[in-house]
Amino acid sequence: MVSGVATVAVLSGGGIYLAHGVLSAPVSGTPTSPLGVAVAVPPTVVTIPPPELAASRSPSALAPAHSAPPRATGSAATQVLALINQARSAAGLPALTFTAGLQASSAAHNQLMASGCGLSHQCPGEAALGARETAAGVIWTAAGENIGEGGPVAATDAAIAKMAVGLTQSMLDEQPPDDGHRMNILSSSFTHIGITVYRASSGTVWLTQDFSN
């Protein structure tokens, strides 16, 4: 609550999942989001890039200097990651780890949403998810994204983190067939993540989670 105003949390119509750069089609009976983005489907089998491809990328390409992972241990992004990895552990899945490339792609997209684009997986003039991750130096054959917004909340670290964690918990609480966000979080295809949490001057908290293998 902020000044007696109830906070409102909103998620996109569904997380998106890509394999080999192709947007996955919704499964039978699974609706697309109001934004026309397909709800994530169970991950398909993907082919890992050959070792020579991964070796051809320099460390600087994989970790742009401007996109360091969240700095504070108690940051909102770190708390969101802790919740995600708790859920993955309960499902028998390995933990996800931050990477600089995914931090860069999630931060850029989050800022576009907060700057007027609104809750969308692709803002006007913006590249699609796969191209964004590639441009950030990410080598992937499976990629995904979850987004959400909520607020208004107070301009405190605790309030911002509470909203970001609450949005993520709402994703984990989804039930089939409308559980695209949850499937991204619990996908066995993903090993890495970038999480950006931003509070706008209006008090709205914007959240972007970018995934890759």
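Me: Where is the place of proline 177?
Reply: Proline 177 is in the loop between H6 and helix H7 (180–185). The helix labels come from DSSP runs numbered from the N terminus (helices are H or I runs of at least four residues, strands are E runs of at least two). The model is predicted, with local features requiring pLDDT of at least 70 and side-chain atom pairs pLDDT 80 or more, while totals for chains, interfaces and linings use all residues. Residues are numbered from 1 along each chain as its sequence is written, and side-chain values use heavy atoms, leaving out hydrogens and water.

Me: What is the peptide bond from proline 176 to proline 177, cis or trans?
Reply: The bond from proline 176 to proline 177 is cis, with omega near 5°. Another cis peptide bond joins glycine 151 and proline 152, where omega is about 5°. Proline 152 belongs to the loop between strand E5 (142–151) and H6.

Me: How many helices and strands does the protein have, and in what pattern do they follow along the sequence?
Reply: The protein has 7 helices and 7 strands. Along the sequence their pattern is β-β-β-α-α-α-β-α-α-β-α-α-β-β.

Me: Why is H3 called roughly parallel to H6?
Reply: The axes of helix H3 (residues 76–90) and helix H6 (residues 157–172) cross at roughly 25° and come within 8 Å. That angle makes H3 roughly parallel to H6, since the label covers angles under 35 degrees (over 145 is roughly antiparallel, 65 to 115 roughly perpendicular, and the rest oblique). The axes are lines fitted to C-alpha atoms, for helices over the stretch in contact, with angles running from 0 to 180 degrees between N-to-C directions.

Me: What is the handedness of the crossing in which H3 passes H6, left or right?
Reply: H3 passes H6 in a right-handed crossing. The near helix is then turned clockwise from the far one by less than a right angle, whereas an anticlockwise turn would be left-handed.

Me: Which residues in H3 and H6 meet?
Reply: Ala76, Gln79, Val80, Leu83, Ile84 and Ala87 in H3 meet Ile160, Ala161, Ala164, Val165, Thr168, Gln169 and Leu172 in H6. By class, this contact of H3 with H6 has 10 nonpolar, 3 polar and no charged residues. Contact here means heavy atoms within 4.5 Å.

Me: Why is leucine 83, in helix H3, called buried?
Reply: Leucine 83 has 14% relative accessibility and therefore counts as buried (buried is under 20% relative accessible area, exposed over 50%, partly exposed in between, with a 1.4 Å probe and protein chains only). Leaving out residues up to four places away in sequence, leucine 83 touches Val165, Thr168, Gln169 and Leu172. Leucine 83 and valine 165 are 82 residues apart in sequence and 7.3 Å apart from C-alpha to C-alpha.

Me: What makes alanine 76 count as buried?
Reply: Alanine 76, found in helix H3, has 13% relative accessibility and therefore counts as buried. Outside residues up to four places away in sequence, alanine 76 touches Ile160, Ala161, Ala164 and Val197. The C-alpha atoms of alanine 76 and leucine 207 are separated by 9.9 Å, with their positions 131 residues apart along the chain.

Me: How do you know that cysteine 117 and cysteine 123 form a disulfide?
Reply: Their sulfur atoms are 2.1 Å apart, and a disulfide is a pair of cysteine sulfur atoms within 2.5 Å. The structure holds 1 disulfide.

Me: What is the handedness of this disulfide, and are cysteine 117 and cysteine 123 buried or partly exposed?
Reply: The torsion about the S-S bond of cysteine 117 and cysteine 123 is about -95°, so the disulfide is left-handed. Cysteine 117 is partly exposed at a relative accessible area of 27%, whereas cysteine 123 is buried at 4%.

Me: Why is proline 94 called exposed?
Reply: Proline 94 has a relative accessible area of 52% and is therefore exposed. Its place is in the loop between H3 and strand E4 (97–98). Proline 94 and threonine 191 are 97 residues apart in sequence and 7.6 Å apart in space, C-alpha to C-alpha.

Me: What makes serine 212 buried?
Reply: The relative accessible area of serine 212 is 2%, so serine 212 is buried. Serine 212 lies in strand E7 (residues 205–212). Beyond neighbours within four places in sequence, its contacts include Leu102, Trp140, Phe190 and His192. Of the 213 residues of the protein, 47% count as buried.

Methods. Nonpolar A, V, L, I, M, F, W, Y, C, P; charged D, E, K, R; others polar.
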